[in-house]
Amino acid sequence: MQMAEQRIPELAAKAGHQAYRTTLEQTGAVIVKTSNGQVVERKRDGSVILIKTLALGKRVKPGTVLKRSS
């Protein structure tokens with residue numbers, strides 16, 4: 001069971017990449033995603049168009065409990 005559980009991250013990554021490729025093939029090939037702090041539009045031919053540059057986020061330590069501000 002532990003060996004199967006260790007493969008979950010690998011399988012999830014493969015499934016994500018496959019979903020990305022399938023979406024490119026089926027939708028006319030435009031994907032909007034973040035890449036290196038930028039929102040970009042990636043087309044089927046591999047070209048990339050910059051939509052917006054994102055502000056840097058705050059680093060949060062693992063285990064930190066976040067609360068909503070009122």
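A residue is called partly exposed here when its relative accessible area falls between the 20% under which it would be buried and the 50% over which it would be exposed. By that yardstick Arg21, at 43% relative accessibility, ends up in the partly exposed class, because its value sits in between. The model in question is a predicted one, and Arg21 is a handy place to start looking at it. This arginine belongs to helix α2, the stretch covering residues 8–26. Its C-alpha atom is separated by 9.3 Å from that of Arg44, a residue 23 positions away along the chain.

Stepping back to the whole chain, the count is two helices and three strands. Going along the sequence, these elements come in the order α-α-β-β-β. The chain is more spread out than a compact globule, because its radius of gyration of 17 Å is well over the 11 Å that the globule rule gives for 70 residues. Along the principal axes, the C-alpha atoms take up a box of roughly 40 × 40 × 20 Å. Burial is counted for 7% of the 70 residues. As for contacts between residues at least 6 apart in sequence, 0% of them link residues at least 24 apart.

The strands offer some local detail. Strand β2 (residues 38–43) and strand β3 (residues 48–53) run antiparallel, and five bridges hold the pairing together. Two of the residue pairings can be spelled out. Gln38 has Thr53 in β3 as its bridge partner, while Glu41 is matched with Ile49, also in β3. Together β2 and β3 make a hairpin, with four residues sitting between the two strands. One of the turn residues, Gly46, shows a positive phi of about 95°.

Finally, a look at surface and charge. About 6,600 Å² of the protein chain is accessible surface, and carbon and sulfur atoms account for 55% of that area. On the charge side, the chain carries 13 positive and 5 negative charges, and the mean positions of the two sets lie 12 Å apart.

Technical notes: Residues numbered from 1 in each chain as written. Predicted model: local features only at pLDDT ≥ 70, side-chain atom pairs only at ≥ 80, totals over all residues. Heavy atoms only, no water. Pairing = 2+ DSSP bridges. Buried < 20%, exposed > 50% of the residue type's maximum accessible area, 1.4 Å probe, protein only. Rg over C-alpha atoms; globule rule 2.2 N^0.38 Å. Contact = heavy atoms within 4.5 Å. Areas by Shrake-Rupley, 256 points an atom, 1.4 Å probe, with all protein chains shown as cover. Lys, Arg positive; Asp, Glu negative; His and termini not counted. Charge placed at Lys NZ, Arg CZ, Asp CG, Glu CD.
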